[in-house]
Amino acid sequence: MVQDDARQHVFWMQRFLDSTLFPNDSIADYFQSVAPWGYSGFYQVFAAIGIDPLLLSKLIPPMLGLIATYYGFQVALQLLPVPFTGLLASLLLNYLFWTQEDLSSATPRAFMLPIFLAFLHFLLKRSTFPCLLLILLEGLFYPQFVFVFAGLLVCLLFRWDGRRVRLSDDRWNYWFCGAGLLVAFLVLLPYALLTTPFDPVVSVAEAKQLPDFYVGGRNPFFYPDPLYFWLISFRGGLFPTFRPFWMAIGFLLPLLYLKPLRNRLPLLRQAKPLILLQITIVALGLFFAAHLLLFRLHLPSRYSAYTLRIALVYAAAIVLTVGLDALLRWMQTASSYAVKGIGWLLIGITTAALLLYPAYEPWFLKLNYKTAPNPQLYQFFAQQPKDTLIASLVQDVDFVPTFSNRSILVGREYAIPYHNGYIIPFRQKANDLIRAQYSPDRATLDAVIRQYGIDFWVISRDSFRPEFLQETWIRQYPEAIEQAAANLQQGTPALARQRQRCTVLRDGNLIVLDASCLLRD
């Protein structure tokens, strides 16, 4: 079993235990090249004492969750110094963490959450050194989020005097902002200067020409419905998911500050929610900047998804606390037992609904863990030489790098199209593989096997059905698919004709063919 995203970001770390694994493997090289230094270094330290990276990826999410909860509680107490607010915020934060799959993935996004909440805590406490250290840590683990930290530092330079925004008159804010921006610049500078064989980043014009970025592709980004695209699309939307729905209560916070309500809510005077407004402004600014600079700041939703949801969670905790306080005060002054009964009934229903959220939220603890469907297949490949290369268009083979520590030529899980130096050769391999698998010409099949040094070829019992071409991930290669469909209509492909003779393993629906046998007459 493995978390879905860990199949991309963790599998190559087996090299920390055995440096001879994945030789000349462009997939492993690519994901190693895009891994932030602190993230890969973290796993490397534990690998040095013998802890398998895959095992570690399953152990650390609860630890990260506990750290995030601690700092989330501390932030809440600074927004409203009432322990009940901290309890509510911690509860809602955990509902947020465990109805998404980011924390459970143990990928760089998982480390972002506790670091961000710790930064908010020390920023509100005006603790200079911890904030600078956390900016450095965020740059080492999830560098793009450093822009969020920098934006919050810039917000220190401004204040609200009740009627308009003015420059801050606190000299500490200027020194702190300057020091923080300097650390942010220094930690991001190596990423900006470093070049890899997989550069450059795909441009918007190029992305619009690739099926990968549309519905049905590996990484759909562009959608015909503008409302869906801007609001809830996974990669480009402002709110890719809106869970837990309880955070919607946070939208009521600005209403509480209207005069008729503000004067009747004494506890509201102790709240200091300015940081929530600052988070929102920074998140929206970076969201639109990422759209303007697409894909140089990677994906716009990365800047808005958690920032806005975390701000809403805290706003909801404040609203619920202030609302409960007002309700209890009203019940104390009420003389009617019926009124008091209604008040306690309302409190009981709200409490039960909050605490029982995991029981009725279908996404709670749905962390996108994948169970390997073909254990015999992975055991077989794990026994082959370390330089073995497996070719297949079947999606189940995506588990081979994780569970067999052997290289595959292409796979849906690894068809990430953000860098031209990676995706252009990848697309060529996929097209060549489709062309060879469905070609009636033996010479075409032999040429592809020799060109890439393929050792095994995995097919399924359905691989040569016409429906297979349109029902699987390879439909994002339309030219190759069109030719393959034409070949199937003409007759039996060369690979299918040799299936019986060259089979070395059958595991469920999958058939493993020996490539050296395919080359023999």
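**Exercise 1. Charges and overall build.** State how far apart the mean positions of the positive and negative charges of the protein chain lie, and describe the chain as a whole.

Solution. The 43 positive and the 34 negative charges of the protein chain have mean positions 12 Å apart. The model is a predicted one. Its C-alpha trace spans about 95 × 55 × 50 Å along the principal axes. The secondary structure of the chain comprises 27 helices and nine strands. Of the 521 residues, 54% are buried. The exposed area is about 23600 Å², with 63% of it supplied by carbon and sulfur atoms. Among contacts with a separation of 6 or more, 69% are between residues 24 or more positions apart.

**Exercise 2. Helix H22.** Identify the buried residues of helix H22 and what covers them, then examine both ends of the helix.

Solution. Step one: helix H22 covers residues 442-452, and its buried residues are Thr-444, Leu-445, Asp-446, Val-448, Ile-449 and Tyr-452. Step two: the cover over these residues includes two strands, E5 (389-392) and E7 (456-460), together with helices H21 (420-437), H25 (494-497) and H27 (515-519). Step three: at the start of H22, a side-chain oxygen of Asp-441 comes to within 3.1 Å of the backbone nitrogen of Ala-443. Step four: Gly-453, just after H22, has a positive phi of about 70°.

**Exercise 3. Cysteines.** Find how many disulfides the model has, and explain why Cys-131 is not bonded to Cys-177.

Solution. A disulfide is a covalent bond between the sulfur atoms of two cysteines. The cut-off needed here is a sulfur-sulfur separation within 2.5 Å. By this rule there is one disulfide. Cys-502 and Cys-517 form it, with their sulfur atoms 2.1 Å apart. The pair joins distant parts of the chain, 15 residues apart: Cys-502 belongs to helix H26 (residues 499-502) and Cys-517 to helix H27. The angle about the S-S bond is -75°, and the link is left-handed. Both Cys-502 and Cys-517 are buried.

Cys-155 takes part in no disulfide, and the nearest cysteine sulfur, that of Cys-177, is 9.2 Å away. Cys-155 counts as buried because its relative accessible area is 16%. For Cys-131, the closest cysteine sulfur is also in Cys-177. The separation is 12 Å, so the two are too far apart for a bond. Cys-131 is buried, with 0% relative accessibility.

**Exercise 4. Two loop residues.** Decide whether Asp-5 and Asn-405 are buried or exposed, and list the residues that each touches outside its own stretch of sequence.

Solution. The cut-off for buried is under 20% relative accessible area.

- Asp-5 lies in the loop between strand E1 (2-3) and helix H1 (6-9). Asp-5 is buried because its relative accessibility is 13%. Leaving aside residues up to four places away in sequence, Asp-5 touches Glu-101, Ser-105, Thr-107 and Arg-109. With Arg-109 there is a polar contact between the two side chains, at 2.9 Å.
- Asn-405 lies in the loop between helix H20 (400-403) and strand E6 (407-408). The relative accessibility of Asn-405 is 18%, so this residue is buried as well. Leaving aside residues up to four places away in sequence, Asn-405 touches Gln-14, Leu-21, Phe-22 and Val-400.

Methods: Residues are numbered from 1 along each chain as its sequence is written. This is a predicted model: local features need pLDDT of at least 70, side-chain atom pairs count only at pLDDT 80 or more; totals for chains, interfaces and linings use all residues. Side-chain values use heavy atoms; hydrogens and water are left out. Helices (H or I, at least four residues) and strands (E, at least two) are DSSP runs, numbered from the N terminus. Buried means under 20% relative accessible area, exposed over 50%, partly exposed in between (1.4 Å probe, protein chains only). Contact means heavy atoms within 4.5 Å. Accessible areas come from the Shrake-Rupley method with a 1.4 Å probe; for residues, only the protein chains shown count as cover. Lys and Arg count as positive and Asp and Glu as negative; His and the chain ends are not counted. The place of a charge is taken as NZ of Lys, CZ of Arg, CG of Asp or CD of Glu. A polar contact is a pair of N or O atoms within 3.5 Å; within protein, one must be able to donate a hydrogen and the other to accept it, and residues adjacent in sequence count only if both atoms are side-chain atoms.
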